[in-house]
Amino acid sequence: MKCENSKLLPKDKHLRPFEPSWEIHNVSQYINRVNEYIQAKKQEDCIFVYRGEPDIYPTPCRPNIFRKNVMNGNVFFEKNLFEAMRQNKLTGEARYLDNAIDAQHGEFPSRLLDVTYNCLTALYFAVTPYYHREETALDDKDGMVFLFFIHELYSPSAKNINDNYDAILNRDLEWYHGKVLFEKNHKFIDHTKLNNRITAQQGAFILFPGDEAEDLPECSHYGIRIPGSSKPLIREQLRLLFGIHTGSIYPEINNLVEELSNKSKRLHTESFCCTGELRLALSRLERELEYYLDYAMEQKHSGLANMEQILMHIEHVVDSYRKGLLEFTRAFSQHQERWEKNYIGKTELADIIQSYNRSVQDFSDEIFSQQLGEFSGDALQIQIHTTDHRKEFTNEKADGKTESLYQPDSGKPGNGL
């Protein structure tokens, strides 16, 4: 599910408009820019990782499995690929996630997005095409470095993220499979030394869990544009000053103790389960709303922004969460007895919906109190009606009427929107 108006806003409220005078011409300017962006986020408890792309793509930061359209008509493509890799000794690992990491760096399609802990490694990839091509092949194109702010991370050896990856491939968890809300739950998978290339690049990954590539939220990263004309000099400086070229960066062992100790404080250790995924989606919504509120207030004070357009964009973002929750709730109502026994209770689901409603209402109230404009907060609520026998989840339709999403285990789907 995509926001049609996702290009209306810049990647972050701290970004200045792109001007020729603000271009990156050398490594020193780039490092200063990265440091400026880190300082802008210094109040947040987050980890910074980077990704470089040698061209300005219409859909940046997208795993190659979605670019190559290899899953069209074959939903078990990844599973079949990993079995073939095992058969041909291209991976010696027993877990699907480890197979995916091997596939990613063996140039096979993957739903993992490469990132790195080293901003200079990312810069190298922004000024250099993939090694099959001449390094000057894209010098007529601008490149990009993306700086991501990571608030929680997953260990590639942990059971929760491996259970999650298994559920994606096996497609056998009815509460999870095909639910668009959970496509928003991108997950950062920490550095692993599974193969030499990952070690050399200080690499890590962002997992895209859906059958389609849900865009990373606008509040999750900055972008730094690298002019094509600057690429030759930057490549030379990286090589001469830092010894950076393909496969040239290796972390020092004596730094691992402190590094791993710091990471362990942020590791997401909860088990992979239905309630956990729902709450994770809500936490992503709250983070987006916090970002958009700051952005809207800043734009109002500037006096230059079209606030109606900005608020419409935010409504599209919130509505994508609302629709995802409604889709999940309809599936719950169709199979309520079994789902309550195995996945999530109705009271617990109602609490999650109430948390969603509170977040939307609090945001709407703040928009009103700051006099930022009209926000359709009421229309974005999900109603919960209590009767003598059950709680019903309903959706307010355009004509002001509501439809019940309660549908016991009858085998018949509830009303669609």
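In this predicted model, R67 lies over the face of Y57, at 5.2 Å from the ring centre. A lysine is placed in a similar way elsewhere: the charged end of K184 sits over the ring of Y321, 4.3 Å from the centre of that ring.

Aromatic rings also meet one another, and the structure holds 19 aromatic pairs. A pair of this kind is described by the distance of the centres and the angle of the planes. For Y117 and F188, the centres are 6.1 Å apart and the planes stand at 80°, an edge-to-face arrangement. Y117 belongs to the loop between strand 2 (112–116) and helix 5 (119–127), while F188 belongs to strand 4 (residues 187–189), so this pair ties together parts that are 71 residues apart in sequence. F188 is buried, with a relative accessible area of 4%.

W175 and F182 form another edge-to-face pair, with 5.7 Å from centre to centre and 85° between the planes. Both of these residues, W175 and F182, are buried. They also belong to one aromatic cluster, formed by W175, Y176, F182, F272, F328, W339 and Y343.

The loop that carries Y117 leads to helix 5. At the start of helix 5, a side-chain oxygen of N118 reaches to within 2.8 Å of the backbone nitrogen of L120. Helix 5 is mostly covered, as eight of its nine residues are buried. The buried residues of helix 5 are C119, L120, T121, A122, L123, Y124, A126 and V127.

Conventions:
Residues are numbered from 1 along each chain as its sequence is written. This is a predicted model: local features need pLDDT of at least 70, side-chain atom pairs count only at pLDDT 80 or more; totals for chains, interfaces and linings use all residues. Side-chain values use heavy atoms; hydrogens and water are left out. Rings of Phe, Tyr and Trp (its six-membered ring) pair if their centres lie within 6.5 Å; planes under 30 degrees apart count as stacked, over 60 as edge-to-face and the rest as tilted. Helices (H or I, at least four residues) and strands (E, at least two) are DSSP runs, numbered from the N terminus. Buried means under 20% relative accessible area, exposed over 50%, partly exposed in between (1.4 Å probe, protein chains only). A charge sits over a ring if NZ of Lys or CZ of Arg is within 6 Å of the ring centre and within 35 degrees of the ring normal. A polar contact is a pair of N or O atoms within 3.5 Å; within protein, one must be able to donate a hydrogen and the other to accept it, and residues adjacent in sequence count only if both atoms are side-chain atoms.
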